[in-house]
Amino acid sequence: MWLTAIVTLGWALSTLAPAARAEFTSGQMLADFSFKAADGTTVSVQRQQDRLLLNQGQTKTQPKALVVHVFQPDCPQCQAEMKALEALAKDYGGKGVTVLGVAHRGDAEAVKSVGQQLGITYPLLTGTGSEFAKKFAAGDALAITDGTGVVRFQQVGYSAGDKAGAGDEKVWRRDLDDLLAGKPMAQDTIERERLKVGDRIFAVRLDSLMTGKPMSLALEDGRLAFRDDAGRVLHPKVVVGMFSRY
Amino acid sequence: MVCLQKLHEKHSNDGLLPFAIAMYPKQERVRQMTRDMAVTYPVFWGYGSVLGKSYGFG
């Protein structure tokens, strides 16, 4: 996920221009899609008579809930999320919940390779280059739909949480339990920080990747100040920054 | 990162400062990649940071 922040206009006003929206929308219908799985079978999701129909090769099912994870094979955060989804798939597979991964970048070989490396047993599909995948070019995203195909939960990014397990997986499980029980789901999203046009830029106080010495970028007395790892101070007119997952 | 480096080379004298926050777990690998790409603008090490987590990175 790329995050671009530009600070200008009297040193204090920042704007943000995300490369693309990378998310599903709660309350909207999941778009139909059809992609090849790592084992060569074609997996498709479509709506038929107000029900979600999942075709896996010759097998047709109507899941009670569908979890769709749009990922990038070489992204460590996506891989951590895939491990959590594998556990989820095992625990909820017998309850009518299907988990699917759709790669928005990388070829079929990369998708197969990461699946083998992580021991993923739910279907991993290669959506690279498709219109569906292009919507998610900027990052990973996850949706939970009900059995009619309506997105009931969505999130962008992933947090494994702490050792107490207060991460995203806890929310997925609680929501799926509610959905399967026919109860209103507790959450339809996990809120993340996100810069919007007009927001002030966040302060960055972290070490330099290259030297390990502290650097900072912050507003000081109404001016943007960058302190480099040698202690020098710059007052840039414009900054352009990104989170980089390499 | 290549695009940011070009911006840095072209506009740093005009007051533009590109920066990146590295969010990949293997620090030495990222450092080497940054060297290989001849990146000279500041790169913060953000993996595992509260800032990164709050934006949904890990």
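In this predicted model, helix α4(A) is followed by G182(A), a residue whose phi is positive, near 75 degrees. The helix that precedes this glycine spans residues 168–180 of chain A, and its buried residues pack against several other elements of chain A, including α1 (76–92) and β8 (97–103). Chain B, for its part, contains 3 helices and 2 strands.

**Helix α4 of chain A**
- The helix comprises 13 residues and reaches 18 Å from its first C-alpha to its last, close to the 18 Å expected at 1.5 Å a residue.
- V171(A), W172(A), D175(A), L176(A) and L179(A) are buried in α4(A).
- These residues lie on the same side of α4(A) because they cover an arc of only 130 degrees around the axis.

**Packing partners of α4(A)**
- The strands against which the buried residues of α4(A) pack include β7 (65–71), β10 (141–146) and β11 (151–156) of chain A.
- A helix of chain A, α1 (76–92), and the strand β8 (97–103) also pack against the buried residues of α4(A).

**Chain B**
- Read from the N terminus, the elements of chain B follow the order α-β-α-β-α.
- Along the principal axes, the C-alpha atoms of chain B fill a box of roughly 35 × 25 × 15 Å.
- Of the 58 residues in chain B, 43% are buried.
- When contacts in chain B between residues at least 6 apart in sequence are considered, 44% join residues at least 24 apart.

Notes
Residues numbered from 1 in each chain as written. Chains lettered and ligands numbered in written order. Predicted model: local features only at pLDDT ≥ 70, side-chain atom pairs only at ≥ 80, totals over all residues. Helix = DSSP H or I, 4+ residues; strand = E, 2+ residues; numbered from the N terminus. Buried ≥ 20, exposed ≤ 12 C-beta atoms within 10 Å, placed from the backbone. Contact = placed C-beta atoms within 7 Å. Expected span 1.5 Å × (residues − 1). Arc of directions from axis to C-beta.
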